[in-house]
Amino acid sequence: VDVRVVDCTDRPEPVEEQSRAAIREWIPAAPVQASGSVDLEALAVAVSSDEVAVLSITDARGPAASPRTGGLRRVGRDASNRAITSCRIVDDWPLPRVSVACELERVGTSDRLAEVRVVLAGVELTRGTVEFDEDRATFEASFERRDGGRLVIELCSPDVDFAADDRVAFEIPPAPRPGVAVLGPADAEGGVIGIAAELLAEFGGGEVLESGVERAGFVLVDGGAVAGLPARAVVFGSRLGDAGADQARIRPTVVDWDRVDPLLAGADLSELRVARAIPSAALPAGRTLISGEDGPLAVVVDRGAGARTLCTAFRLEDSNLGLLAAFPQILGRAYRSAWGASYEPRQLPGNILSSGESIVRAAPLDDRALPAFGGEDRRLVVPLVLLALFALALRILV
């Protein structure tokens with residue numbers, strides 16, 4: 001009797017080299033279903049014949065159903081598992097507050113209580129105990145971080161058999177703490193633009209630089225002209241190049257503002273008044289955020305990698321924007337937006353956050369005897385294939 005062994009945990013794969021040529025023609029008979037699992041019954045039917053019998057060895061777990069054709073042998077023991085099946089992180093960067101919310105699931109006879117801890121850069125920040133209600137639980141925690149690094153949320157007592165879904169890891173950025181500088185005419189150092197610089201320095205944990213714009217990590221540009229936009233900045237009333245050098249809009253009327261864009265969502269600009277603005281042609285090309293009768297009064301410029309720069313057609317000294325209740329919020333959002341995706345938490349690979357993969361409850365199955373195959377006087381050439389539609393998901397993981 002020739003025996004061929006195939007591992008069907010994911011896609012059918014011969015276990016040993018001599019099986020490859022013999023069963024290569026049968027593997028295409030295993031269609032992938034909508035769930036992503038292989039239709040093992042279709043494969044068993046395609047392979048079975050008078051000369052070939054199929055014996056499936058399975059732990060009866062996993063997304064693929066066991067074949068109804070051929071013999072069946074269930075192996076292993078019933079297992080229990082607790083798993084983190086989803087995790088959401090809210091990072092108030094550059095502020096130090098970070099919040100996490102994780103959903104957990106329980107299968108089998110695992111303890112109804114689970115202790116979860118949060119570790120950042122190797123230092124435990126907090127831990128808490130959750131109780132499963134109908135095999136589900138939610139863990140929530142908030143903390144203040146001093147710096148960035150690898151953030152791990154994990155069960156304090158991992159499951160012996162299924163530890164891979166007991167933790168999830170993120171990379172969170174450090175607070176930027178940049179120096180903030182003001183670039184503009186002599187009168188730009190004080191007044192409203194000076195207050196804005198102090199607000200941003202406090203917001204980002206940095207300081208206002210009295211000189212040395214080239215050393216600044218963030219720049220507030222106020223009036224005048226710039227050859228190009230600084231890497232991270234908010235620009236108030238500055239011309240791009242020489243456009244509109246001798247022109248100005250006097251008391252332009254604010255018509256509307258973008259209520260959907262994250263920079264202005266929820267902001268009330270109905271009381272915004274502008275005394276003087278540069279021509280719309282002097283603004284860099286970007287998406288209009290505040291509209292005037294004769295063109296944009298503010299735009300946002302896409303800098304790539306999620307970074308954006310807010311540019312207004314008016315200086316803060318030439319408007320009442322700095323006096324509106326929405327101004328600190330808009331300024332903070334513009335600061336975050338200037339850093340782009342570099343400040344967003346990044347989930348690290350190697351985590352199992354799948355409810356389907358974490359449910360290890362075995363299907364109720366009875367063993368079936370191997371059916372008769374082969375003839376009395378005939379030599380079996382290719383038989384007993386798939387001594388395993390081999391663990392359909394041999395998830396007796398180590």
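# D258, the eight-stranded sheet and the W93 cluster

Colleague: Which residues does D258 touch, not counting residues up to four places away in sequence?
Modeller: This is a predicted model, and D258 sits in the loop between β19 (254-257) and β20 (276-277). Leaving out residues up to four places away in sequence, D258 touches L264, R287, T288 and L289.

Colleague: Which side chain forms a polar contact with that of D258?
Modeller: The side chain of D258 also reaches a backbone atom, the nitrogen of V260, at 2.8 Å. The contact between side chains spans 2.7 Å, and the partner of D258 there is R287.

Colleague: Is D258 buried or exposed?
Modeller: Buried means under 20% relative accessible area. D258 has 13% relative accessibility, so this loop residue counts as buried.

Colleague: Which strands stand at the edges of the sheet?
Modeller: The sheet is open, has eight strands with mixed pairing, and follows the order β13-β12-β14-β16-β23-β22-β21-β19. An edge strand has a single partner, so one of its sides is left without a neighbour in the sheet; this applies to β13 (207-208) and β19.

Colleague: In which sense, parallel or antiparallel, does β19 run to β21?
Modeller: Strand β21 covers residues 287-292, and three bridges join it to β19. Within this pairing D256 stands opposite S291. The two strands run antiparallel.

Colleague: Which residue of β23 stands opposite V235?
Modeller: Strand β16 pairs in the parallel sense with β14 (residues 218-222) over four bridges, and there V221 stands opposite V235. Three bridges join β16 to β23 (residues 307-312), again in parallel. On that strand the residue opposite V235 is C311.

Colleague: Which residues of β16 point the other way from A233 and V235?
Modeller: In a regular strand the side chains alternate between the two faces of the sheet. Strand β16 (residues 233-236) has A233 and V235 pointing one way, and all four of its residues are buried. Pointing the other way are V234 and F236.

Colleague: At about what angle does α4 run to β23?
Modeller: Helix α3 (residues 191-204) lies across β12 (179-183), β13, β14 and β16, at about 165 degrees to β14. Helix α4 (residues 327-339) lies across β14, β16 and β23, and its angle to β23 is about 140 degrees.

Colleague: What covers the buried residues of α4?
Modeller: The buried residues of α4 include F327, I330, L331, A334, Y335, A338 and W339. Their cover includes α3, β14, β16 and β23.

Colleague: How far does α4 reach from its first C-alpha to its last?
Modeller: The helix has 13 residues, and at 1.5 Å a residue the expected reach is 18 Å. Just after α4, G340 takes a positive phi of about 65 degrees. The reach of α4 in the model is close to the expected one, at 19 Å.

Colleague: Why is the pair of W93 and Y343 counted as stacked?
Modeller: W93 is buried at 2% relative accessibility. The ring centres of W93 and Y343 are 4.9 Å apart. Planes under 30 degrees apart count as stacked, and the pair qualifies because its planes stand at 10 degrees.

Colleague: Which residues form one aromatic cluster?
Modeller: A search of the whole structure finds six aromatic pairs. One of them is W93 with W339, edge-to-face at 5.7 Å centre to centre and 75 degrees between the planes. This pair links the loop between β5 (81-91) and β6 (97-107) to helix α4, 246 residues apart. The cluster consists of W93, F203, F218, Y335, W339 and Y343.

Conventions:
Residues are numbered from 1 along each chain as its sequence is written. This is a predicted model: local features need pLDDT of at least 70, side-chain atom pairs count only at pLDDT 80 or more; totals for chains, interfaces and linings use all residues. Side-chain values use heavy atoms; hydrogens and water are left out. Buried means under 20% relative accessible area, exposed over 50%, partly exposed in between (1.4 Å probe, protein chains only). A polar contact is a pair of N or O atoms within 3.5 Å; within protein, one must be able to donate a hydrogen and the other to accept it, and residues adjacent in sequence count only if both atoms are side-chain atoms. Contact means heavy atoms within 4.5 Å. Two strands pair if DSSP finds at least two bridges between them. Axes are lines fitted to C-alpha atoms, for helices over the stretch in contact, and angles run from 0 to 180 degrees between N-to-C directions. The expected span of a helix is 1.5 Å times one less than its number of residues. Rings of Phe, Tyr and Trp (its six-membered ring) pair if their centres lie within 6.5 Å; planes under 30 degrees apart count as stacked, over 60 as edge-to-face and the rest as tilted.
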